[in-house]
Amino acid sequence: MADALIASFDAVLSDLDGVVYAGPHAIPGAVESLKRLESVGVGLGYVTNNASRTPAQVAAHLRELGAPAEDHQVVSSSQAAGELLASRLPAGAHVLITGSAALAHEIELVGLKPVHSAAENPVAVVQGFNPDIGWKDLAEASYVVAGGAEWFATNTDMSIPQARGMAPGNGTLVAAVAAATGKRPLVAGKPEAPLFHSAAKRLKASRPLVVGDRLDTDILGGNRAGFATAAVLTGVDTRESILAARTEERPDYVIAGLGDLYVPYPEVINDGGRFRCGDASAVASDGTVTVSGTDSDLDAWRAACAAWWAAVPDSAVAKAPRLEWRSH
């Protein structure tokens, strides 16, 4: 285990959907890999942007799937929002809740007073996802924000996966208030750093590894927090989208699943512009990455990423190279 990827870290900060489970079912091998962390002395925290469920509810769901999860191991964007508000507002300050009862509870826990009307003189607004939010709620938030109150959002995910497909997320509701007021909120959840810093602090971790399936939330947020990041291929992002990632969203590691935490991560060596990883290698030139290897070999993609990212070190937009595959 001394050479395993996980040996370099003292905690894993794991995303949920796409890493631990997909829909109602655990991802194959995920639960076993999470259970194994304790035996190698590595802490475990779950970081979630879901502000509509309490950490206790999330932990209970994880335990139903067989995953190790105490309530304190779940760090939500609602909790991060609470910490952020408490750092900026005096104790007892009135905060308009545009969100769920779970969000109101977190605000109460940090010594602030949740209110639900502009008539109660809120000095701040905090907005989190709640499927029951309607126009009147968004209007009330808009009146208070436009009046000069500080505005916070738990997260700005534009979409959330539902059984019938993709549905509007908290980001779309935040965008409605932004459009009405011309203002922008401070964001506590992914892809901002506060959620990850809260999780690391709770675990007393100095070398955490952020593991997630989405570049635009998990990896970007982990990078912004200054932590090492690993993209797993069990959820949203793919080998192709990771290769094309903009600079801020590039992970330190690309792994097939959580089981890869327990094997050595292959070193990528720059050999005069040819990047070697395992038996594969890649060279980038004029917008093309030529890969010696097969597209089923993850080491070939790791080499391709290293070559392309070295060729395009500063990219503000996702940009995919042309790929040429050559057998060894």
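Two rings of Phe, Tyr or Trp make a pair here if their centres lie within 6.5 Å, and planes over 60 degrees apart make that pair edge-to-face. By this rule, the count for this predicted model comes to 3 aromatic pairs.

**Stop one: the tyrosines.** Select Tyr-253 and Tyr-265. Their ring centres are 4.9 Å apart and the planes sit at 80°, so you're looking at an edge-to-face pair. Now turn on the cartoon: Tyr-253 belongs to strand β15 (residues 253–255), while Tyr-265 is in the loop between β15 and β16 (268–271), so the contact ties together parts 12 residues apart in sequence. Colour by accessibility if you like; Tyr-265 comes out at 22% relative accessibility and counts as partly exposed. Then add Phe-9 to the selection, and you have one aromatic cluster made of Phe-9, Tyr-253 and Tyr-265.

**Stop two: the pocket.** Keep both tyrosines on screen, since Tyr-253 and Tyr-265 also help line the second largest pocket. Its volume is about 170 Å³. To see more of the lining, select Pro-251, Asp-252, Val-254, Pro-266, Glu-267 and Val-268, then Arg-302, Cys-305, Ala-306 and Trp-309, which are among the lining residues. Which elements give two or more residues to this lining? They are β15 and α10 (298–311), and α10 gives the most, with 4 residues. Try colouring by residue class: the lining splits into 9 nonpolar, no polar and 3 charged residues.

**Last stop: a charge over a ring.** Jump to Arg-36 and Tyr-262. The charged end of Arg-36 sits over the Tyr-262 ring, 4.2 Å from the ring's centre.

Conventions
Residues numbered from 1 in each chain as written. Predicted model: local features only at pLDDT ≥ 70, side-chain atom pairs only at ≥ 80, totals over all residues. Heavy atoms only, no water. Phe/Tyr/Trp six-rings, centres within 6.5 Å; stacked < 30°, edge-to-face > 60°. Buried < 20%, exposed > 50% of the residue type's maximum accessible area, 1.4 Å probe, protein only. Lys NZ or Arg CZ within 6 Å of the ring centre and 35° of its normal. 1 Å grid on protein atoms, 1.4 Å probe; cavity = no way out; pocket = protein on both sides within 12 Å on 5 of 7 lines; lining within 4 Å. Points joined across faces, edges and corners; volume = space filled by probe spheres on them. Nonpolar A, V, L, I, M, F, W, Y, C, P; charged D, E, K, R; others polar.
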